[in-house]
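Me: I would like a close look at a single part of this model, taken together with its surroundings. Please keep the answer plain and connected.

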Amino acid sequence: MPSADQPRRVAAFFDLDKTVIAKSSALAFSRPFFDEGLINRRSVLKSSYAQFLFLVTAADHDQVENLRRHVTDMCRGWDVEQVRTIVNETLDDIVNPLVFAEAADLITDHRARGHDVVLISASGREMVEPIGEMLGVDHVDASDMKVVDGHYTGELEFYCYGANKAAAMATRAEIHGYDLAECYAYSDSITDLPMLSAVGHPVAVNPDRQLRKRAADEGWPVLSFNRPVPLRTRIPTPSSRMAAALALGAGVAAASGLGVHTLLARRHRDRSA
């Protein structure tokens, strides 16, 4: 933990689904899980329907709880190492094309400004950590499913959702010396109000109706991300996903990340005038 005379650090906390990527990370891997025999065709169809509802409706508390139950029930009995292998082998094909270009630019901007970047999601750690590595973030907080004898039990040890997200952020701040009053948070959902309220610079991204209203009431910036573009089509991609994320940080910061920062600063000045 930093001493009292050390400067406090700044972090940018990003929700994942519909903020950094254009769909639910928990359901995005349904097809490769089916191909490897973990789920049947009925589960694929159910996941596709859940994904459709997630995309076209506001993710309120009841919907998120239904999605959680579906995912934990679906995963019960799965071999943890098999899941990790499938996610790592299919990440570039499944998730890479879903990353919002605007989110990638914003992450690059924060890195260029010396900020840590934290990906924080209600999805399972086995899915979120490889996505965080692909994006080159500094830390990941995610839900942890209970594991017995190398298999998921269908129960959660930690559900990184709602107030638990804010608690995870407070823990990160204590460990790494973040000044939450100077930190940033980005999310699309009113269910992440505790996360957004925990920092001095909350930003609503593709907000649902309730969050859009709350952002207007509070004077929070609102951003629209609508360009999911594979990272590998935007810059030359080395063999390592981590090297690709670092190359993104070096090559795009001046051209695009600073523009996003300027947009936020201009909107803040306009509201203050």
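How many bridges join strand 5 to strand 6, and do the two run parallel or antiparallel?

Reply: The model is a predicted one. Strand 5 and strand 6 run parallel, and four bridges join them. One of the facing pairs is tyrosine 186 and valine 203, the latter in strand 6. Strand 6 covers residues 201–205, and four of these five residues are buried, so the strand is largely enclosed by the rest of the structure.

On to the other partner of strand 6. Strand 6 also pairs with strand 7, again in the parallel sense, over two bridges. Here alanine 204 has valine 222, in strand 7, as its bridge partner. Between strand 6 and strand 7 the chain passes through helix 10 (residues 209–218), and this β-α-β crossover is right-handed.

The wider setting is the sheet. It is an open sheet of seven strands in the order 4-3-2-1-5-6-7, with mixed pairing. Strand 7 is one of its edge strands and strand 4 (151–158) is the other, each pairing on one side only. In that order strand 6 stands between strand 5 and strand 7.

Now the other end of the sheet. Strand 3 and strand 4 are paired in the antiparallel sense, with four bridges between them. Valine 148 has histidine 151 of strand 4 as its bridge partner, and valine 147 stands opposite tyrosine 152, also in strand 4. The hairpin made by strand 3 and strand 4 has two residues between the strands, and aspartate 149 there takes a positive phi near 55 degrees. On its other side, strand 3 runs parallel to strand 2 (residues 116–124), to which four bridges join it. In this pairing leucine 119 stands opposite valine 140 of strand 3. The connection from strand 2 to strand 3 goes through helix 7 (residues 125–135), and this β-α-β crossover is right-handed.

Side-chain contacts tie some of these elements to other parts of the chain. Strand 3 takes part through aspartate 141, which forms a salt bridge with arginine 172, with the closest N and O atoms 3.0 Å apart. Aspartate 141 lies in strand 3 (residues 139–148) and arginine 172 in helix 8 (residues 163–176), so the pair links parts of the chain that are distant, 31 residues apart. Both aspartate 141 and arginine 172 are buried.

Helix 8 also contributes lysine 165, whose side chain meets that of aspartate 192 in a salt bridge (3.2 Å, N to O). Aspartate 192 sits in the loop between strand 5 (184–187) and helix 9 (193–197), 27 residues from lysine 165. Lysine 165 counts as buried because its relative accessibility is 2%, and aspartate 192 is likewise buried, with a relative accessible area of 3%. Asp15 belongs here as well: salt bridges that share partners join Asp15, Lys165 and Asp192 into one network.

A further salt bridge involves the loop that follows strand 7. Glutamate 102 and arginine 227 form this one, and their closest N and O atoms are 3.5 Å apart. Glutamate 102 is in helix 6 (residues 101–112), whereas arginine 227 is in the loop between strand 7 (222–223) and helix 11 (241–272), and 125 residues separate the two. Glutamate 102 is buried, with a relative accessible area of 13%, while arginine 227 is partly exposed, at 42%. In the whole structure, a search finds 14 salt bridges.

Helix 5 can be described apart from the sheet. It spans residues 80–94 and bends by about 35 degrees at asparagine 88. Its buried residues include Val80, Val83, Ile86, Val87, Thr90 and Leu91. At the start of helix 5, a side-chain oxygen of aspartate 79 comes to within 3.0 Å of the backbone nitrogen of glutamate 81.

To return to the part you asked about: strand 6 is joined to strand 5 by four bridges and to strand 7 by two, with four of its five residues buried.

Technical notes:
Residues are numbered from 1 along each chain as its sequence is written. This is a predicted model: local features need pLDDT of at least 70, side-chain atom pairs count only at pLDDT 80 or more; totals for chains, interfaces and linings use all residues. Side-chain values use heavy atoms; hydrogens and water are left out. A salt bridge is a side-chain nitrogen of Lys or Arg within 4 Å of a carboxyl oxygen of Asp or Glu. Buried means under 20% relative accessible area, exposed over 50%, partly exposed in between (1.4 Å probe, protein chains only). The bend at a residue is the angle between axes fitted to the seven residues ending there and the seven starting there. A polar contact is a pair of N or O atoms within 3.5 Å; within protein, one must be able to donate a hydrogen and the other to accept it, and residues adjacent in sequence count only if both atoms are side-chain atoms. Two strands pair if DSSP finds at least two bridges between them. A crossover is right-handed if, with the strands pointing away from the viewer, the path from the first strand over the helix to the second runs clockwise.
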